[in-house]
Amino acid sequence: MIFTQEEVQRIREQSPRMESEGALTEELLNLIYQNRWFKLFVPDDLNGRMSSLPDALRIFRECSRVDGGFGWLVTIGAGGGFFASLMKPEVGTTLFADEKAVVAGSGAPTGTAKRVENGYLVSGRWKYCSGAAHATMFTANCIVEAPEGVEPGENAEIRAFIFTPDQVRIHPDWNTFGLKATGSHSISVADLFVPDRMTFLFTEVHAYGDELIYRYPFIPFAQASFAAVALGIAAHFAEAARDYIRVKERKANVQRKLEEQEALLSRTESAFYSAITRSWDELVLHGSLSEAGEKQVSEQCLSAVRSVLTGTFELFSLLGLSAAMEDSPVNRTWRDLQTVCQHSLLLPEE
């Protein structure tokens with residue numbers, strides 16, 4: 001546990017306000033800065049607190065257990081530290097050294113970039129940029145246009161571009177029914193000149209190549225991070241449901257379903273962390289994760305998410321009309337969990 005019960009209560013008291021305003025409070029942002037949770041994957045010499053993946057996932061889970069939006073933003077913000085190894089050293093040093101440094105952005109290549117002298121002209125709009133309001137930098141992927149006279153091929157280059165907050169327009173269009181506090185709005189730029197040094201490729205490591213976390217494959221890394229958030233929110237849901245059932249004096253069958261859900265969550269978490277620990281041990285031992293190891297992590301993440309999603313839905317359906325009220329904790333946590341589990345990396349494979 002990284003929070004006292006008093007701290008949990010204090011944070012949860014701010015949840016309705018954060019959901020209404022669509023952003024974290026200054027108090028919680030400062031808590032994140034003080035603990036350097038946005039810097040769990042940033043090297044120590046950039047004022048980071050470089051962590052192993054298993055340790056970081058437990059932090060994501062606990063922050064999400066306290067409040068779903070809070071945990072999601074810690075997780076997404078920390079994940080941006082991955083880019084410190086991909087940026088040119090002088091750029092990474094400048095952008096990540098700030099104690100409040102945090103990335104927002106999108107991995108979808110929904111922008112275009114035209115090669116010009118010393119850089120690119122970039123235009124595009126990118127959805128779901130969690131934490132846009134407090135980001136100190138943005139990253140976004142673009143398809144690089146083929147040179148004049150060259151037919152565009154299927155293997156067009158996809159390059160990441162770094163923007164500063166003053167260069168982007170934020171569109172307040174995050175209107176989902178869950179994770180409302182994350183401010184996951186769209187951003188856009190139009191004919192913005194971006195110098196070469198403010199771009200990077202996911203296939204080129206420029207610094208800190210000896211850090212183990214940067215050798216962990218990105219897709220299972222992201223899946224594990226998001227699954228940890230889902231597990232944390234599911235734990236909060238179970239807590240809220242227990243309080244709700246006690247107050248509403250629900251029937252014995254509802255209490256049994258809650259106990260079943262809590263037992264399922266415990267087994268699911270145990271299997272999840274075992275898989276993650278095995279993969280990390282493999283990385284430490286061999287310096288890389290095998291294809292089989294990657295597959296096992298991905299399968300375990302998807303299995304964990306489907307398990308808690310199904311269990312919480314079955315319990316929620318027995319709680320009654322009061323649970324449908326959006327201002328109840330049990331409702332808010334259920335909505336947050338549904339939203340997390342709609343992420344494309346957590347959807348079942350065909």
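Me: What is the strand order in the open sheet, and how is the pairing described?

Reply: Seven strands make up the sheet, in the order β5-β6-β2-β1-β3-β4-β7. The pairing is mixed. The strands come from a predicted model.

Me: What makes β5 and β7 edge strands?

Reply: β5 (169-171) and β7 (199-200) each pair on one side only.

Me: How do you know that β4 and β7 pair?

Reply: Pairing takes at least two bridges. β4 (residues 158-163) and β7 have two bridges, in the antiparallel sense. The cut-off is at least two, so β4 and β7 count as a pair. One position to look at is A160, which stands opposite F200 in β7.

Me: What makes the pairing in this sheet mixed? Which way do β1 and β3 run, and which way do β1 and β2?

Reply: Strands in a sheet can pair parallel or antiparallel, through backbone hydrogen bonds. Here β1 and β3 run parallel, joined by seven bridges. β1 and β2 run antiparallel, with six bridges. Both senses occur, so the sheet is called mixed. For the β1-β3 pair, G105 has T139 in β3 as its bridge partner. For the β1-β2 pair, G111 has G124 in β2.

Me: What phi does N118 take in the hairpin of β1 and β2?

Reply: N118 has a positive phi, near 70°. The hairpin has two residues between its strands.

Me: On to the open spaces. Why is the largest pocket called a pocket and not a cavity?

Reply: A cavity is a set of points the probe cannot leave, while a pocket is an open set. This space is classed as a pocket, so its points form an open set. The largest pocket holds about 1100 Å³ of space.

Me: Which residues lie nearest the centre of the largest pocket, and how many line it?

Reply: The lining has 41 residues, with I76, G105, G107, F226 and H343 nearest the centre. Six elements supply at least two residues each: α5 (68-79), β1 (103-116), β2 (119-129), β3 (137-144), α7 (218-248) and α10 (329-340). β1 gives the most, with seven residues.

Me: What residue classes make up the lining of the largest pocket?

Reply: The lining has 22 nonpolar residues, 18 polar and one charged. Gly counts as polar, so G105 and G107 belong to the polar class.

Me: What is the volume of the second largest pocket, and which residues are closest to its centre?

Reply: Its volume is about 420 Å³. Its lining has 23 residues, and R12, H236, A240, D243 and P329 are the closest to the centre. α1 (5-13), α2 (15-21), α4 (53-66), α7 and α10 each supply at least two lining residues. α7 gives the most, with seven. By class, the lining has eight nonpolar, eight polar and seven charged residues.

Me: How many cavities of 30 Å³ or more are there, and what lines the largest cavity?

Reply: The whole structure has three such cavities. The largest has a volume of about 60 Å³. S15, E19, D67, G69, L179, K180, A181, R332 and D336 line the largest cavity. α2 and α10 are the elements that give two or more of these residues. The classes are two nonpolar, two polar and five charged. Asp, Glu, Lys and Arg count as charged, so E19, D67, K180, R332 and D336 are in that class.

Me: What about the second largest cavity: what is its volume, and what classes line it?

Reply: Its volume is about 40 Å³. The lining of the second largest cavity has six nonpolar, five polar and no charged residues. Among the residues are L24, L73, H134 and T182.

Me: What makes the largest nonpolar core a core?

Reply: Its members are buried nonpolar residues joined through side-chain atoms within 4.5 Å. Nonpolar side chains tend to be buried together in soluble globular proteins. The largest core has 95 residues, and F70, V122, F163, Y216 and F272 have the most contacts inside it. α7 gives the most to this core, with twelve residues. Apart from it lies another core of 14 residues, among them A241, L258, A323 and W334.

Me: Which residues does F272 touch?

Reply: Leaving aside residues up to four places away in sequence, F272 touches L57, A224, A227, A228, L231, Q300 and C301.

Me: Why is E26 called exposed?

Reply: Its relative accessible area is 56%. Exposed means over 50%, so E26 qualifies. E26 lies in helix α3 (residues 26-35). The C-alpha atoms of E26 and H134 are separated by 9.9 Å, with the two residues 108 apart along the chain.

How values were computed
Residues numbered from 1 in each chain as written. Predicted model: local features only at pLDDT ≥ 70, side-chain atom pairs only at ≥ 80, totals over all residues. Heavy atoms only, no water. 1 Å grid on protein atoms, 1.4 Å probe; cavity = no way out; pocket = protein on both sides within 12 Å on 5 of 7 lines; lining within 4 Å. Points joined across faces, edges and corners; volume = space filled by probe spheres on them. Helix = DSSP H or I, 4+ residues; strand = E, 2+ residues; numbered from the N terminus. Buried < 20%, exposed > 50% of the residue type's maximum accessible area, 1.4 Å probe, protein only. Contact = heavy atoms within 4.5 Å.
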